[in-house]
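Good morning, colleagues. Please turn to the sequence and the structure, which I shall now put on the screen.

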Amino acid sequence: MNVMERIDDLCRQHNMSKYRLSLITGISQSAFSKMARQQSTLSLETIQRICDALGISLAQFFSESEVYPDLTKQQQNLLHFWSLLDEKKRAYALLMMEQLVDL
């Protein structure tokens, strides 16, 4: 799978349009089109911006599977559910977790 196919796949998984990804990352839609036609390449910084917008790590971006051997099953579950949340729900989840830590 090439990088643009991976971005398309991740956008589908996160229910995010390329337009919304473009707005969040500041990467123009024409730049995405050029990348899709392989007329330009993505820098690691650009991929990091995409990962930040999707709420994933670079390791997750380049992983061929959803399994991360350095994480426990519980941590993997948390990451899976985190990836399904939109920005507003992630902020709420973080707030809840911060409150739990203070108990």
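Let me begin with a term: a residue is called buried when its relative accessible area is under 20%, exposed when it is over 50%, and partly exposed in between. Please also bear in mind that this is a predicted model.

With that scale, consider F62, which sits in helix α5, residues 58-62. Is F62 buried, exposed or partly exposed? Its relative accessible area is 45%, so F62 is classed as partly exposed. Apart from neighbours within four places in sequence, F62 touches L44 and I47. A separation of 28 Å lies between the C-alpha atoms of F62 and Y92, two residues that are 30 places apart along the chain.

I turn now to helix α1, which spans residues 3-13. Which of its residues are buried? They are M4, R6, I7, L10 and C11. Viewed down the axis of α1, these buried residues fall within an arc of 155 degrees, and therefore they line one face of the helix. As a general point, an α-helix has 3.6 residues a turn, so residues three or four places apart point the same way.

What do the buried residues of α1 pack against? Their partners are α2 (18-25), α3 (29-36), α4 (44-54) and α5.

The two ends of α1 also deserve a word. At the N-terminal end, N2 acts as a cap, with a side-chain oxygen 3.0 Å from the backbone nitrogen of M4. Following the helix comes N15, whose phi is positive, near 50 degrees.

Next, the cysteines. How many disulfides does a search of the whole structure find? The search finds zero. For C11, the nearest cysteine sulfur belongs to C51 and is 11 Å away, and C11 is in no disulfide. A disulfide here requires two cysteine sulfur atoms within 2.5 Å, so a pair at 11 Å does not qualify. C51 is likewise in no disulfide, the sulfur of C11 being the nearest to its own. Both residues are buried nonetheless: C11 has 6% relative accessibility, and C51 has a relative accessible area of 0%.

Finally, let us look at S83, found in helix α6, residues 73-83. Is S83 buried or exposed? At 14% relative accessibility, S83 counts as buried, because the cut-off for that class is under 20%. Setting aside neighbours within four places in sequence, S83 is in contact with H14 and R90.

Terms used: Residues are numbered from 1 along each chain as its sequence is written. This is a predicted model: local features need pLDDT of at least 70, side-chain atom pairs count only at pLDDT 80 or more; totals for chains, interfaces and linings use all residues. Side-chain values use heavy atoms; hydrogens and water are left out. Helices (H or I, at least four residues) and strands (E, at least two) are DSSP runs, numbered from the N terminus. Buried means under 20% relative accessible area, exposed over 50%, partly exposed in between (1.4 Å probe, protein chains only). Contact means heavy atoms within 4.5 Å. The arc is that of the directions from the helix axis to the C-beta atoms. A polar contact is a pair of N or O atoms within 3.5 Å; within protein, one must be able to donate a hydrogen and the other to accept it, and residues adjacent in sequence count only if both atoms are side-chain atoms.
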